[in-house]
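This briefing introduces a single molecular structure to a reader who has not met it before. Please keep the sequence and the model in view while reading.

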Amino acid sequence: MKLTYSILWFDDREEYLESVDIDYIKDEFSKLGFDCSIIFVTEANEFWEQSPYQDFDLILVDYSIDPDKNQYGQDFIKSVRDQEVLTEVIFYSTNEVKDLWEAVKTEKLEGVFIAQKPNEVIKLLKVAKQSINKVLDLENVRGIVMAEVGNNDEFLALIAKSAFSKLDDAQKIKQVNKYVDYEKVRYNQCKSTVEGLTNSTNIDELLEILDSTKKWEICVSLSKQVDDLNISERGNYQEDVLKKRNFLAHGLPDKLVDGALKFKHRGKEYTFDEAESLSLRENLRKYGEFFESVVKEL
């Protein structure tokens with residue numbers, strides 16, 4: 001799971017789906033430090049087009065899809081399970097609960113939650129929170145953080161390339177040499193590769209050897225030379241995200257009380273608990289959205 005919880009919602013009544021309070025659902029996910037993406041489909045072919053469904057964290061399916069064509073929700077759920085996809089499913093209807101359970105039993109469907117309208121949104125949030133809580137142990141949080149930082153690295157590289165292209169050659173060489181000097185210290189075994197960039201204007205090769213911190217720093221440096229690129233306006237990405245990421249990636253954790261962990265890395269300490277986990281996820285979302293918006297405006 002990434003920081004976006006992805007939902008596929010299948011109901012043949014378009015007017016009903018239009019009445020779903022999407023803002024409320026997204027606000028509830030935001031409180032958990034996650035974005036929420038919902039794809040609504042109203043036709044069978046639209047549902048099939050989403051196959052093989054692995055990218056979804058939850059699927060909602062109505063019972064009465066198209067009775068005139070003898071199409072019912074359990075048939076579509078079965079098609080998902082037949083592809084060996086174990087994504088959790090909420091099966092809902094205005095029908096009595098026993099009708100839904102009977103359909104599940106008949107098709108021998110696994111991993112299905114039952115809900116009666118209009119309570120499917122309540123069940124959606126309960127199931128989602130349960131799923132999210134399952135993945136918010138240390139190892140999964142580490143994976144989420146690494147993946148999101150990796151995505152942000154791509155955005156920062158695009159921002160750096162665009163800003164760099166607006167400099168004259170002298171400015172370009174000065175910027176490259178500045179970071180070549182940094183990397184000479186870090187890459188003792190690859191000095192020839194690093195030194196080969198001295199006095200060059202090759203931003204692409206330079207970015208390939210810069211870590212996340214240096215990608216952020218070069219964007220900040222370039223923003224001081226390029227108009228309308230205030231990359232720091234949302235805060236300090238290094239302090240808010242990257243330093244904490246480094247503790248999670250490289251630190252050794254000691255258990256504390258109430259599930260908290262104390263990481264030690266390079267003589268410093270970082271306490272990671274539920275509140276800190278939420279704060280870090282929120283910062284990752286904030287900076288990720290900001291960097292993406294900057295790229296779109298380039």
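The points below cover the sheets, the nonpolar cores, the cysteines and the salt bridges in turn.

The structure is a predicted model. One open sheet has five strands with parallel pairing, and another open sheet has three strands with antiparallel pairing. The largest nonpolar core holds 68 residues, and a search of the whole structure finds 15 salt bridges and zero disulfides.

**The five-stranded sheet**

- The strands of this open sheet follow the order 2-1-3-6-7, and their pairing is parallel.
- Strand 2 (35-41) and strand 7 (112-116) form the edges; each has a single partner strand, so one side of each is left without a neighbour in the sheet.
- From one strand to the next, the twist averages 20 degrees.
- Five bridges join strand 6 (residues 88-93) to strand 7 in the parallel sense.
- Within this part of the sheet, Ile90 stands opposite Phe113 in strand 7.
- Helix 5 (residues 97-107) packs on the sheet and touches strand 6 and strand 7. The direction of helix 5 makes about 160 degrees with that of strand 7.

**The three-stranded sheet**

- This open sheet has the strand order 8-9-10, with antiparallel pairing.
- Its edge strands are strand 8 (252-255) and strand 10 (268-272), each of which pairs on one side only.
- On average, neighbouring strands of this sheet are turned by 25 degrees against each other, direction ignored.
- Strand 8 pairs with strand 9 (residues 261-265) in the antiparallel sense, over four bridges.
- Lys255 stands opposite Leu261 in strand 9.
- Helix 7 (residues 138-164) packs on the sheet, where it touches strand 8, strand 9 and strand 10. The direction of helix 7 makes about 55 degrees with that of strand 9.

**Nonpolar cores**

- In soluble globular proteins, nonpolar side chains tend to be buried together.
- Among the 68 residues of the largest nonpolar core, those that touch the most other members are Trp9, Ile25, Phe29, Leu124 and Leu206.
- Helix 7 supplies the largest share of this core, eleven residues.
- Which residues does Ile25 touch, not counting residues up to four places away in sequence? They are Trp9, Val20, Cys36, Ile38, Val121, Leu124 and Leu125.
- Another core, of 23 residues, lies apart from the largest one; among its members are Ala44, Val104, Val112 and Ile114.

**Cysteines**

- A search of the whole structure finds zero disulfides.
- Cys36 has a relative accessible area of 8% and is therefore buried, the cut-off for this class being under 20%.
- Cys219 is likewise buried, because its relative accessible area is 1%.

**Salt bridges**

- Side chains of opposite charge can pair when their charged atoms come close. The whole structure contains 15 salt bridges.
- One of the salt bridges brings together the side chains of Arg13 and Asp62, at 2.9 Å from N to O.
- This pair links distant parts of the chain, 49 residues apart. Arg13 lies in the loop between strand 1 (4-10) and helix 1 (14-18), whereas Asp62 belongs to strand 3 (residues 58-62).
- Is each partner of this pair buried, partly exposed or exposed? Arg13 counts as partly exposed because its relative accessibility is 27%, while Asp62, at 2%, counts as buried.
- Glu28 forms a salt bridge with Lys31, and their closest N and O atoms are 3.0 Å apart.
- Glu28 has a relative accessibility of 14% and so counts as buried, whereas Lys31, at 56%, counts as exposed.
- Another salt bridge joins the side chains of Lys78 and Asp82, at 3.1 Å from N to O.
- Both Lys78 and Asp82 lie in helix 4 (residues 73-82), four residues apart, which is about one turn of the helix.
- Lys78 is partly exposed, with a relative accessible area of 29%, and Asp82 counts as exposed at 53% relative accessibility.
- Through salt bridges that share partners, Asp11, Asp12, Arg13 and Asp62 are joined into one network.

Note on methods. Residues are numbered from 1 along each chain as its sequence is written. This is a predicted model: local features need pLDDT of at least 70, side-chain atom pairs count only at pLDDT 80 or more; totals for chains, interfaces and linings use all residues. Side-chain values use heavy atoms; hydrogens and water are left out. Two strands pair if DSSP finds at least two bridges between them. Helices (H or I, at least four residues) and strands (E, at least two) are DSSP runs, numbered from the N terminus. Axes are lines fitted to C-alpha atoms, for helices over the stretch in contact, and angles run from 0 to 180 degrees between N-to-C directions. Contact means heavy atoms within 4.5 Å. A nonpolar core is a set of buried Ala, Val, Leu, Ile, Met, Phe, Trp, Tyr and Cys residues joined through side-chain atoms within 4.5 Å. Buried means under 20% relative accessible area, exposed over 50%, partly exposed in between (1.4 Å probe, protein chains only). A disulfide is a pair of cysteine sulfur atoms within 2.5 Å. A salt bridge is a side-chain nitrogen of Lys or Arg within 4 Å of a carboxyl oxygen of Asp or Glu.
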